Amino acid sequence: MRLNNYIGGAWQEADVATYTAVTNPATGDEIAQVRLSTKEDVALAVEAAKKAQKEWALVPAPKRADYLYEIGRLMKERKEHLSQVLTTEMGKVIEEARGEVQEGIDMAFYMAGEGRRLVGETVPSELQNKFAMSVRAPIGVVGLITPWNFPVAIATWKSFPAIVAGNTFIWKPATETPMMAYEMALIFEKVGLLEGVANIVFGSGADVGTAMIEHPDIRVISFTGSTETGRHVAEIGGRHLKKVSLEMGGKNAVIVMDDADIDLAVEGILWSAFGTAGQRCTACSRVIVHKEVKEELERKLVAQMADLTIGNGLDETVKIGPVINEKALEKISNYIEIGIEEGAKLLAGGHILKDGELGNGHYFEPTLFTNVKWDSRLAQEEIFGPVVSLIEVTSLEEAIEVNNSVKYGLSSSIFSQDVNKVFQAQRDLDTGIVYVNAGTTGAEIHLPFGGTKGTGNGHRDSGVAALDVFTEWKSVYVDFSGTLQRAQIDNS
Ligand code: UN1
């Protein structure tokens, strides 16, 4: 199957286009060929999106929302199919794929509700017989650049608020995971979304992404991906005075205090560290543990890690799927060597799995290091794989300091039964998301999603906050006095 761009409601057959193979990370099998687009394709998509946007902005928001209800309904109807495709292209286990599709469905219904809100403000004017309000106005054509680890959920976090607010979009999905974009295009088509509202351009970031950021008619870029690429997006975006919303890496920690329910903490750590094979921005990759409970936690983690079955995520009994590709395996292996060189102690895992059928895919053992120094590379850098580092501390204050020592600030968690410690931690943890007695993953779509420091640049996906990315505040003054009243001037 060949995946072509979806522009202006039509599938663009390519004459001389080049394609690249999309493979199933669990088996190494080719599942599709995807178009590698050019700057010209981006220009074509922008033209279609720009034309549609004038009309789309005039459709009343509650009517725009009706399409989102239909999109959500269709996603629900196709949930199992979408989940299977998602596991096949990305590798996450089917239970998690279903969860991700559910996130998209939730976002559709949640943002559809915004069609009847899009709340602005009315405030008193300084002057008599004058009315003042601020409204959320659509911005125009927006560009969405999404990663391979959540090929559908993150796209819905961005595209649904964009369209309910009256924008049209160009979406560049990750080249590794274009199938979900194709599936979403089929849904957009089926619900009869105005042609040109949703446009999909496949291709590599260097060509398509840069062309999007540089295009004068794309007014917003919403990006989720690595910090390295995000910096590049911000640099080019800055030069072109673009509104750029970035959601990047994480080095998220679970803090386990001496009064914690250790069994619960073990469950939370395993789920957040090894779910999605550790390839979530929110994945737990550090455990900051109080000295008093370190040994017990280590023992219980190692024991339960042995039960984590690894394999093709389509098998319902499998708990951990493959990582995305060969390059990821190399990066993770490299960090194992770094950890050992830095003097950390390898308690479990640490190897690529090559035996039997696993050898065709990209599998890495769940890995646990202990005695990790808080300032070592292992504890500071994002690995994006199933690797966790245990760091010992002796107080809550120290735990918080260690948590905050990394350059990222996405998610954090504390396991403690002491209400005072919990409230102190939620205040002092420098991350955009804080969990109490739960792992670092599991954000819900109606709350803002994003982080501090190297994780983001102040914007948020999800929640009402997402509307701030995709709307422009417009302040409107209506003078009904019949005279020229001058603000800040004594008119008497
Ligand atoms: C991501 O890894 O970029 O909170 C998104 C979570 C998921 C989303 C993660 N709901 O872990």
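**Exercise 1. Confidence.** Which elements of this predicted model have the lowest and the highest confidence in the chain?

Solution.
- Step 1. The minimum falls in helix α7, residues 205-214, where the mean is 93.
- Step 2. The maximum is found in β13, at 99.
- Step 3. As background, the chain has an average pLDDT of 97, and 99% of the residues score at least 70.
- Step 4. For the model, ipTM is 0.98 and pTM is 0.98.

**Exercise 2. Overall dimensions.** How many helices and strands does the chain have, and why can it be called as compact as a globular protein of its length?

Solution.
- Step 1. The count is 15 helices and 24 strands.
- Step 2. The globule rule gives 23 Å for 492 residues, and the radius of gyration of the chain is 24 Å, close to that value; the chain is therefore as compact as a globular protein of that length.
- Step 3. Along the principal axes, the C-alpha atoms fill a box of roughly 80 × 65 × 40 Å.
- Step 4. Of the 492 residues, 52% are buried.
- Step 5. Among contacts with a separation of 6 or more, 72% join residues 24 or more positions apart.

**Exercise 3. A three-stranded sheet.** In what order do the three strands of the open sheet that contains β1 stand, and why does one side of β1 and of β4 lack a neighbour?

Solution.
- Step 1. The order is β1-β5-β4, with mixed pairing.
- Step 2. β1 (2-3) and β4 (18-23) are at the edges and have a single partner strand each, so one side of each has no neighbour in the sheet.
- Step 3. Six bridges join β4 to β5 (residues 30-36) in the antiparallel sense.
- Step 4. To locate the register, take Y19: its bridge partner in β5 is R35.

**Exercise 4. A hairpin and its further partner.** Trace the pairing from β6 through β7 to β24.

Solution.
- Step 1. β6 (121-124) pairs with β7 (residues 130-138) in the antiparallel sense, over four bridges.
- Step 2. Within this pair, V123 has A132 of β7 as its bridge partner.
- Step 3. The two strands make a hairpin with five residues between them, and N129 in the turn has a positive phi of about 50°.
- Step 4. β7 also pairs with β24 (residues 471-479), antiparallel, over nine bridges. There S134 is matched with S475 of β24.

**Exercise 5. Strand β21.** Are the faces of β21 covered or open, and which strands pair with β21?

Solution.
- Step 1. In a regular strand the side chains alternate between the two faces of the sheet, so each face has to be checked.
- Step 2. S411, S413 and F415 lie on one side, S412 and I414 on the other, and all are buried; both faces are covered.
- Step 3. β13 and β21 run parallel and are joined by four bridges. V254 has S413 as its bridge partner in β21.
- Step 4. β22 (residues 433-436) pairs with β21 in the parallel sense, again over four bridges. S412 stands opposite V434 there.
- Step 5. With α14, strands β21 and β22 form a right-handed β-α-β unit.

**Exercise 6. Helix α13.** Which residues of α13 are buried, and why do they lie on the same side of the helix?

Solution.
- Step 1. In α13 (residues 396-403), the buried residues are L396, A399, I400 and N403.
- Step 2. Their arc around the axis is only 95°, so they are on the same side of α13.
- Step 3. The general spacing fits: an α-helix has 3.6 residues a turn, so residues three or four places apart point the same way.
- Step 4. The elements they pack against include β13 (252-256), β19 (387-393), β21 (411-415) and α14 (419-428).

**Exercise 7. Loop residues.** Are L118, F384 and D307 buried or exposed?

Solution.
- Step 1. The cut-offs are 20 or more other C-beta atoms within 10 Å for buried, and 12 or fewer for exposed.
- Step 2. L118, in the loop between α4 (94-114) and β6, has 21 such atoms and is therefore buried. Its phi is positive, near 40°.
- Step 3. F384, in the loop between α12 (377-380) and β19, has 24 and is therefore buried. Its phi is positive, near 60°.
- Step 4. Most residues other than glycine have a negative phi.
- Step 5. D307, in the loop between α10 (291-305) and α11 (326-341), has 8 and is therefore exposed. The C-alpha atoms of D307 and K319 are 9.0 Å apart, with twelve residues of separation along the chain.

Note on methods
Residues are numbered from 1 along each chain as its sequence is written. Two strands pair if DSSP finds at least two bridges between them. The arc is that of the directions from the helix axis to the C-beta atoms. Two residues are in contact if their C-beta atoms, placed from the backbone, lie within 7 Å. The radius of gyration is taken over C-alpha atoms; the globule rule is 2.2 Å times the number of residues to the power 0.38. pLDDT is the predictor's confidence in each residue, from 0 to 100. A crossover is right-handed if, with the strands pointing away from the viewer, the path from the first strand over the helix to the second runs clockwise.
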